[in-house]
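Below is a walk through a single protein chain, from its overall layout to particular contacts. Keep the structure open while reading.

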Amino acid sequence: MTERLPVFPLATVLFPGLVLPLHIFEERYRALVRHLVALPDGAPREFGVVAIRSGWEVASGPGQEMSGDVTLHEVGCTAELRQVTELEDGGFDIVTVGRRRFRVGEVDRSSAPYLTAEVRWLPEPDGPDETADLLAARVIAVFRQYLGLIRAEAGELTEQLPEDPTVLSHLVAATAALTVTDRQQLLAIDDTAARLRAELHLLNREAALLRQVRAVPVPLAELASPPPAPN
């Protein structure tokens with residue numbers, strides 16, 4: 001079963017449960033916000049966030065059309081509108097929360113001021129998974145080690161990480177210093193255990209790179225600086 005959904009292309013990947021604030025300045029997306037706000041009570045106020053694969057989607061000036069050569073990734077996540085602040089210039093500052101994943105079908109560039117697309121909702125786990133539970137414990141341990149490497153003070157590691165494997169997998173994917181490509185691949189994985197397994201590989205890779213940087217005997221900034229002039 002498919003459904004038509006407004007689509008907002010961005011240079012980022014949104015995951016279910018994660019907060020995404022946005023500054024809305026283009027007229028076509030102002031129209032989208034006005035459309036969502038005007039929906040009757042109880043109607044889902046959500047749009048699809050899809051990462052840009054290539055091209056540049058944002059119009060370069062008032063009244064200009066979006067680039068026709070922008071291409072999108074195949075999997076996105078809906079953003080549920082939670083807070084709207086209208087600005088003096090007619091724009092909006094909004095706060096959204098990721099809700100559900102979908103696969104992009106046919107994209108329509110002409111029937112609305114903004115993109116719309118036929119989407120198919122992707123499955124989410126709905127019961128206990130022993131493998132995912134075991135992997136979640138390993139991911140928490142490795143993720144804490146990773147955080148310790150990117151922060152100056154180990155004492156800062158006081159965050160309470162979620163125990164739910166699916167929620168944890170989305171949080172790690174969104175907060176680790178990964179590329180858009182890495183995040184997109186994680187978003188597209190339907191199985192929580194498979195996503196956690198992929199995250200273990202990525203976190204170990206990133207931790208190894210960080211340890212190599214820390215093994216450099218002098219600060220990297222000094223390596224890039226010219227030697228002092230002789231007296």
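Which strands do the buried residues of helix 1 pack against? In this predicted model, they pack against strand 1 (2-10), strand 2 (19-24), strand 3 (46-54), strand 5 (75-86) and strand 6 (92-108). Helix 1 itself covers residues 27-37, and its buried residues are Arg28, Tyr29, Arg30, Ala31, Leu32, Val33 and Leu36.

The helix belongs to a chain with 6 helices and 7 strands. Along the sequence the order is β-β-α-β-β-β-β-β-α-α-α-α-α. The chain has 231 residues, of which 40% count as buried. About 13,000 Å² of the chain is exposed, and carbon and sulfur atoms supply 55% of that area. Among contacts with a separation of 6 or more, 67% are between residues 24 or more positions apart.

One such long separation in sequence can be traced from strand 1, where Pro9 lies. Pro9 is buried, at 3% relative accessibility. Its C-alpha is 8.5 Å from that of Leu115, although 106 residues separate Pro9 and Leu115 in sequence.

The next topic is the nonpolar interior. The largest nonpolar core has 46 residues, and those touching the most other members are Leu22, Ile24, Phe47, Ile94, Phe143 and Leu203. Helix 2 (residues 130-150) provides the largest share of this core, with 8 residues. Where does the core lie relative to domain 1 and domain 2? Domain 1 (2-121) and domain 2 (130-215) both contribute residues, so the core lies between them.

Phe47 shows what one of these core members touches. Leaving aside residues up to four places away in sequence, Phe47 is in contact with Leu5, Pro6, Phe8, Leu22, Leu32, Leu36, Cys77, Thr78, Ala79, Ile94 and Thr96. Apart from the largest core lies another core, of 11 residues, which includes Leu5, Val7, Val104 and Leu115.

Charged side chains come next. The structure holds 11 salt bridges. One of them joins Arg28 to Glu26, with the closest N and O atoms 2.7 Å apart. Are the two partners buried or exposed? Arg28 has a relative accessible area of 9% and is therefore buried, and Glu26 counts as buried at 11%. Because the limit for buried is under 20% relative accessible area, both values qualify.

A second salt bridge connects Arg103 and Glu74, with a closest N to O distance of 3.3 Å. This pair links distant parts of the chain: Arg103 is in strand 6, while Glu74 is in the loop between strand 4 (71-72) and strand 5, and the two are 29 residues apart. Arg103 is partly exposed at 26% relative accessibility, and Glu74 is partly exposed at 48%.

A third salt bridge is formed by the side chains of Glu206 and Arg205, at 2.7 Å from N to O. Here the partners fall into separate classes: Glu206 is buried, with a relative accessible area of 14%, whereas Arg205 is partly exposed, at 32%. Elsewhere, salt bridges that share partners join Glu46, Arg99 and Arg100 into one network.

Note on methods:
Residues are numbered from 1 along each chain as its sequence is written. This is a predicted model: local features need pLDDT of at least 70, side-chain atom pairs count only at pLDDT 80 or more; totals for chains, interfaces and linings use all residues. Side-chain values use heavy atoms; hydrogens and water are left out. Buried means under 20% relative accessible area, exposed over 50%, partly exposed in between (1.4 Å probe, protein chains only). Helices (H or I, at least four residues) and strands (E, at least two) are DSSP runs, numbered from the N terminus. Contact means heavy atoms within 4.5 Å. A salt bridge is a side-chain nitrogen of Lys or Arg within 4 Å of a carboxyl oxygen of Asp or Glu. Accessible areas come from the Shrake-Rupley method with a 1.4 Å probe; for residues, only the protein chains shown count as cover. A nonpolar core is a set of buried Ala, Val, Leu, Ile, Met, Phe, Trp, Tyr and Cys residues joined through side-chain atoms within 4.5 Å. Domain bounds come from an automatic or database domain assignment.
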